[in-house]
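Hi everyone, thanks for making room for me this morning. I'd like to walk you through some side chains and rings, so let's bring the structure up.

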Amino acid sequence: MDQSSFFMMTEAFSIDYTDSGKESRKPLEHFHDSYELAFFIRADIDIFVKDTKYRIQDGDLLLINAYDLHRIFYNPNHEYTRYVIQFKKSFIYELTQTLKLEPLIHKLQHKQNKKISLTIKQRVRLEEIFRNIVNLRKKLQFRHDDFTLEPALKLHLLLLLMEYDKLSDLRRNLRELNPTENQVHDIIQYIDEHYDEAIQLDDLTAQFGKSKYYISHLFREVTRFTFVEYVQYRRVIEAQKKLLQTDKSIIDIGMECGFQSLQHFYRVFKKISKQTPAAYRKENK
């Protein structure tokens, strides 16, 4: 795993606009503790999210759930322009309560196909909302005495999420996976169900009736992760949640997440999170 792999602790809300011309970035893999909504004005990239690979092109909208591991592959011969919003559920929690829209985030989180390809008319409408959010965020940084800006920002974000929900409902047809992607999808589902066990490639061989070499090669080809790398990420993601959401001891959390020793837990957790489990809990809980 190269140095581009990392976990991001994010603000309650942020928005970023990138217009970088032709993109020459290296593949990037990471996950974060916020939801991410990305609007790609110009793009030709592949994004692997949790267990699905998406081809992203001009005018696509993509939602990524909090803690979903994703890896991005850039096309250096295509121009790259996009907006990215990252937000925590807590940022708009009170507003969704007031408007009786609490189920919205849960509904968005459980949508199976997270990508929407927009029409020209839809792109124009969505880009206006994103621009308004950028302007509100800039004003909020410098005009601390204007108490209307943050509510307006939250309302615009909620409007954007409602628009995403409506558009995705209009496209109920699920993206069809090719046979290779289907096999990897099934493998990842199996890992998600058994990450807390001493899972090995031999288990996948027995489950899917394929050789270890075939499974390793297939998994790497589609996800660009090795089997071991993906399992480690999956365990660390669950450990992070337990560290913040429970008062269980660190050793108990490590064992519950499939690590065979406290030493192994600390080593893998620090490699991925860039800090120890104890430091992570102390700084973020």
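**Rings and buried side chains**

Let me start with Tyr35, which counts as buried because its relative accessibility is 10%. Before I go further, please keep in mind that this is a predicted model.

So, which ring does Tyr35 pair with? The structure holds 16 aromatic pairs, and in one of them Tyr35 is stacked with Phe87, at 5.5 Å centre to centre and 20° between the planes. Tyr35 belongs to strand S4 (residues 35-42) and Phe87 to strand S9 (residues 79-87), so this pair ties together parts that are 52 residues apart in sequence. Phe87 is buried as well, because its relative accessible area is 1%.

Now have a look at another pair, Tyr190 and Phe208. Here the ring centres are 6.0 Å apart and the planes stand at 75°, so we call this pair edge-to-face. Tyr190 sits in helix H5 (residues 179-194) and Phe208 in helix H6 (residues 201-208), so the parts being tied together are 18 residues apart in sequence. Is each partner buried or partly exposed? Tyr190 counts as buried at 15% relative accessibility, while Phe208, with a relative accessible area of 27%, is partly exposed.

Rings can also link up into a group. Ring pairs join Phe31, Phe48, Phe219, Phe225, Tyr230 and Tyr233 into a cluster.

And then we have charges over rings. Lys210 lies over the face of Tyr214, 5.4 Å from the ring centre. In a similar vein, Arg235 has its charged end over the ring of Phe259, at 5.9 Å from the centre.

Next door in sequence, let's turn to Arg234. You'll find Arg234 in helix H8 (residues 227-245), and at 13% relative accessibility this arginine counts as buried. What does its side chain make polar contacts with? One partner is the side chain of Asp192, at 2.6 Å, and another is the side chain of Glu238, with a polar contact of 2.6 Å. If we leave aside neighbours within four places in sequence, Arg234 is in contact with Asp192 and Tyr195.

My last stop is Gln122, in helix H3 (residues 120-142). Gln122 counts as buried, at 11% relative accessibility. Where does its side chain find a polar partner? A polar atom of the Gln122 side chain lies 2.9 Å from the backbone nitrogen of Thr119.

That's my tour, and thanks for listening!

Conventions
Residues numbered from 1 in each chain as written. Predicted model: local features only at pLDDT ≥ 70, side-chain atom pairs only at ≥ 80, totals over all residues. Heavy atoms only, no water. Helix = DSSP H or I, 4+ residues; strand = E, 2+ residues; numbered from the N terminus. Buried < 20%, exposed > 50% of the residue type's maximum accessible area, 1.4 Å probe, protein only. Polar contact = N/O pair within 3.5 Å; in protein donor to acceptor, adjacent residues only side chain to side chain. Contact = heavy atoms within 4.5 Å. Phe/Tyr/Trp six-rings, centres within 6.5 Å; stacked < 30°, edge-to-face > 60°. Lys NZ or Arg CZ within 6 Å of the ring centre and 35° of its normal.
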